[in-house]
Amino acid sequence: MTARIIDGNALAAEVRDQIARDASALATQGVQPCLAVVLVGDNPASAVYVRNKVSACERAGIRSLRFDYPQDVDPDRVMDKLAELNADPAVHGILVQLPLPPQFDEAAVLEAIDVGKDVDGFHAESVGRLSQNRDTFIPCTPHGVMKMLESIDVQVEGAEAVVIGRSNIVGKPMAMLLTNAGATVTVTHSRTRDLAFHTRRADILVVAIGRPRFVSADMIKPGAIVIDVGMNRVPDGPDAGKLCGDVDYAAAREVAGAITPVPGGVGPMTITMLLQNTLISAQRALAAKRGGA
Ligand code: NAP
């Protein structure tokens, strides 16, 4: 069997076209969607992510504001900026790029963002609402994964879903979304005994570990849907330095029913969902303005 490839670039382009049309419609009504991005320090990966997010905003007609701080900045300065952005009615989304330097209390920073502008969905209240299956901003990466599953008409309800990874930004919200959608979900991690026992019975396998080509073909149930969230550099061999996922893609596509590539899979959908959350926040701001007029 050769797996169907779930093309994240194509799906992202389709969704972004719609976002650009909706953003332009909002602008004609006097509201230009606006995302504020805060970057602290000089982590090269973070700088690339922020650059990509800012340029995706521009292409979609979403205004972006960028605030850069040095690695040793006093956290109070960043907190003051967040308070200012919270109070600014022209700003609809606020994102603090993670990770933050050690002098920061990351949870406190995320909770300093107005929950109505929490387009990353990392605020404790957003997470709580997601766990209760209530309307909220959904973290972008797992949200993008759900859109990818939708795009190939996967029957999530009743499926056995296995998530590898339990991070706050990917694994845990992914498990909540799949649970909310009616899957039977198993969350696995570095302390899981016999990981392959779990993965081999997954109809839907979502992998978010951060280890290049960790999941081998023999860990995958024939016909399974495999979503590879990982973004790593190939450590050695002829492809050394190239981007790769957490799944051994070449081998896995001979076993899986459908699979996401890296690059060109989950990555483009993550940014797309960030744009969508910012747009939704701007639409709410317009509705509130009209309601209050
Ligand atoms: P993270 O916070 O480091 O979490 C990694 C998770 O993998 C942890 O829960 C860890 O378990 C688990 N793990 C590590 N080694 C394992 C093993 N041998 N067996 C089973 N589980 C293991 O990483 P993250 O932020 O979730 O990101 C994961 C990957 O996704 C990274 O490659 C990251 O670059 C990528 N990512 C991609 C996007 C995108 O847009 N495509 C977005 C976000 C992240 P413990 O909890 O027990 O330590």
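A pocket here is an open set of grid points with protein on both sides within 12 Å along at least five of seven lines, and its lining residues have an atom within 4 Å of a point. Keep that in mind for the tour. The model on screen is predicted.

**Stop 1: the two domains**

Colour residues 30–115 as domain 1 and residues 140–267 as domain 2. Taken over C-alpha atoms, the centres of domain 1 and domain 2 are 28 Å apart.

**Stop 2: the largest pocket**

Where does the largest pocket lie with respect to domain 1 and domain 2? Both domains give residues to its lining, so the largest pocket lies between them. Its volume is about 1,200 Å³. Select Tyr 49, Thr 141, Val 229, Met 231 and Thr 270: of the 45 lining residues, these are the closest to the centre of the largest pocket.

Now show the elements around it. At least two lining residues of the largest pocket come from each of α2 (44–60), β4 (93–96), α6 (140–151), β9 (232–233) and α10 (266–292). Colour the lining by class. You will find 25 nonpolar, 14 polar and six charged residues.

**Stop 3: the second largest pocket**

Move on to a pocket of about 270 Å³, the second largest. Select Leu 110, Phe 122, Val 127, Asn 168 and Ile 169, which are the closest to its centre among 18 lining residues. Helices α4 (106–111), α5 (124–131) and α7 (171–180) each bring at least two residues to this lining. Domain 1 and domain 2 each contribute at least three residues to the lining of the second largest pocket. By class, that lining holds eleven nonpolar, four polar and three charged residues.

**Stop 4: the sheet of three strands**

Select β2 (34–40), which joins β3 through seven bridges in a parallel run. Add β4, and you have an open, parallel sheet in the order β3-β2-β4. Which strands stand at its edges? They are β3 (63–69) and β4; each has a single partner strand, so one side of each is left without a neighbour in the sheet. From one strand to the next, the twist averages 15°.

Zoom in on one bridge: Leu 35 has Ser 64 in β3 as its partner. Then bring back α2. This helix packs on the sheet and touches β2, β3 and β4. The direction of α2 makes about 170° with that of β2.

**Stop 5: the sheet of six strands**

Next, show the open sheet with the order β1-β11-β8-β7-β5-β6, where pairing is parallel. Its edge strands, β1 (4–5) and β6 (184–188), pair on one side only. Helix α7 packs on this sheet, with contacts to β5 (160–164), β6 and β7 (204–207). The directions of α7 and β5 make about 170°.

Look inside the sheet as well. Two bridges pair β8 (225–228) with β11 (258–259) in the parallel sense. Pick Val 226 and find its bridge partner, Ile 259 in β11.

**Stop 6: details in the loops**

Select Leu 98 and Pro 99. The peptide bond from Leu 98 to Pro 99 is cis, with omega near 0°. Pro 99 sits in the loop between β4 and α4.

Go to Val 262 and Pro 263, where the peptide bond is also cis, with omega near 0°. The loop holding Pro 263 runs between β11 and α10.

Finish with two values of phi. For Asn 133, in the loop between α5 and α6, phi is positive, near 60°. For Asp 194, in the loop between β6 and α8 (195–199), phi is positive too, near 55°.

How values were computed
Residues numbered from 1 in each chain as written. Predicted model: local features only at pLDDT ≥ 70, side-chain atom pairs only at ≥ 80, totals over all residues. Heavy atoms only, no water. 1 Å grid on protein atoms, 1.4 Å probe; cavity = no way out; pocket = protein on both sides within 12 Å on 5 of 7 lines; lining within 4 Å. Points joined across faces, edges and corners; volume = space filled by probe spheres on them. Helix = DSSP H or I, 4+ residues; strand = E, 2+ residues; numbered from the N terminus. Nonpolar A, V, L, I, M, F, W, Y, C, P; charged D, E, K, R; others polar. Domains from an automatic or database assignment. Pairing = 2+ DSSP bridges. Contact = heavy atoms within 4.5 Å. Axes fitted to C-alpha atoms, helices over the stretch in contact; angles between N-to-C directions.
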